[in-house]
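Hello! Here is the structure I promised to pass on to you. Have a look at it first, and then read on for what turned up in it.

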Amino acid sequence: MSMARPYLGDPKRTIEVLQKYNFAFQKRFGQNFLIDTHVLEKIIASAEITKDDFVLEIGPGIGTMTQYLAEAAREVAAVEIDKTLIPILQNTLKEWNNVTVINNDILKVDIRQLALEKNQGRPIKVANLPYYITTPIIMGLFENQVPIESITIMVQKEVADRMQVGPGTKDYGALSLAVQYYARPEIVANVPPNCFMPRPKVGSAVIRLERYEQPPVQVKDEKLMFRLIRASFNQRRKTLVNGLKNSPELHFSKEEIEQALVNCGLSLTVRGEALTLE
């Protein structure tokens, strides 16, 4: 085991590393590096990472959070798309022998295979996420039956709000329902822009999604449910009947849709955003 302590939460050290490698921030990868030790410690604590855990980190950057994860977990796999960061990571993580850095796009990594190789197929924990692809990654992790115990991630504050709100609020939408079908969301910390370098324009939040063993509602056809959910929010201002009728993904007649609503005891003028997951 390494005797090193995580040191990259200190902005001074972060700047040193970036200067040493003449690192240029890439707008397209949404790179903002965390420089606040309290927030880092809070994330590790919220994720409840122990020496039994294998953790998948997505977008390690220069390895700030990775150092904390490596300290807490049994093993970490960190997937980084930006190849200019790979030599930096090799340097900042050299004192920890339980980290594997994978230079790839997370959307192309076979995570099930990774969980099998590194964790005998037992549930893994997921940490960190680049903001610009939050939704596709989360949906991919959930939908592909990857064995996951929990996902603890930093996202834009408004996205965190969207994940945990209920019907009737303006933030409620397809993402809320999809997340809440698979997991129990809980915001564990709010993180202001000054905790990052460079400073983002928006506030962030750490949210923990604890995977359900069984979804909270029983569904005959999940794919149809998600098509219905997407259709009911695609045109928010329209009634649910019109939203479902106009969806290119659904092929029900207006009569069939109206009959279904009547059977559910719902008004024909109801909007999608008024309905619960159930």
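Let's start with lysine 125, which has a relative accessible area of 6%. Anything under 20% counts as buried, so lysine 125 is a buried residue. Please keep in mind throughout that this is a predicted model. Lysine 125 belongs to strand E5. What does its side chain pair with? A polar contact of 3.0 Å links the side chain of lysine 125 to that of aspartate 53. If you skip the neighbours within four places in sequence, the residues in contact with lysine 125 are Ala47, Glu48, Ile49, Asp53, Phe54, Val55, Leu56, Glu149 and Ser150.

One residue on that list deserves a second look. Glutamate 48 has a positive phi, near 55 degrees, although it is a residue other than glycine. You will find glutamate 48 in the loop between helix H2 (37–47) and E2.

Next, please turn to helix H5, which covers residues 111–119. Which of its residues are buried? They are Ile111, Leu114, Ala115 and Asn119. Looking down the axis of H5, you would see these buried residues fall within an arc of 100 degrees, so they line one face of the helix. The face turned away from the buried side carries Leu116 and Glu117, which are exposed. Several elements help to cover the buried residues of H5, including strand E2 (54–58), strand E3 (75–80), strand E4 (99–103), strand E5 (124–127) and helix H6 (134–143). So E5, the strand that holds lysine 125, is also part of the cover over H5.

Both ends of H5 have something to show you. At its start, aspartate 110 brings a side-chain oxygen to within 3.3 Å of the backbone nitrogen of arginine 112. After H5 comes glutamine 120, located in the loop between H5 and E5. Its phi is near 50 degrees, again a positive value in a residue other than glycine. Is glutamine 120 buried or exposed? Its relative accessibility is 57%, so glutamine 120 counts as exposed. The side chain of glutamine 120 also makes a polar contact of 3.0 Å with the side chain of arginine 122.

Helix H6, which helps to cover H5, has a partner of its own to look at: helix H8 (residues 174–182). How do the two lie against each other? Their axes come within 11 Å and cross at roughly 30 degrees, and H6 and H8 are therefore roughly parallel to each other. The crossing in which H6 passes H8 is left-handed. On the H6 side, Thr135, Ile138, Met139, Phe142 and Glu143 take part in the meeting. On the H8 side, they meet Leu175, Ala178, Val179 and Tyr182.

Finally, here is a backbone detail to find on your screen. The peptide bond from methionine 197 to proline 198 is cis, and its omega is near -15 degrees. Proline 198 sits in the loop between strand E8 (196–197) and strand E9 (204–211).

Enjoy exploring, and write back whenever you like!

How values were computed
Residues numbered from 1 in each chain as written. Predicted model: local features only at pLDDT ≥ 70, side-chain atom pairs only at ≥ 80, totals over all residues. Heavy atoms only, no water. Buried < 20%, exposed > 50% of the residue type's maximum accessible area, 1.4 Å probe, protein only. Helix = DSSP H or I, 4+ residues; strand = E, 2+ residues; numbered from the N terminus. Arc of directions from axis to C-beta. Contact = heavy atoms within 4.5 Å. Polar contact = N/O pair within 3.5 Å; in protein donor to acceptor, adjacent residues only side chain to side chain. Axes fitted to C-alpha atoms, helices over the stretch in contact; angles between N-to-C directions. Parallel < 35°, antiparallel > 145°, perpendicular 65-115°, else oblique. Left-handed = near helix turned anticlockwise from the far one by under 90°.
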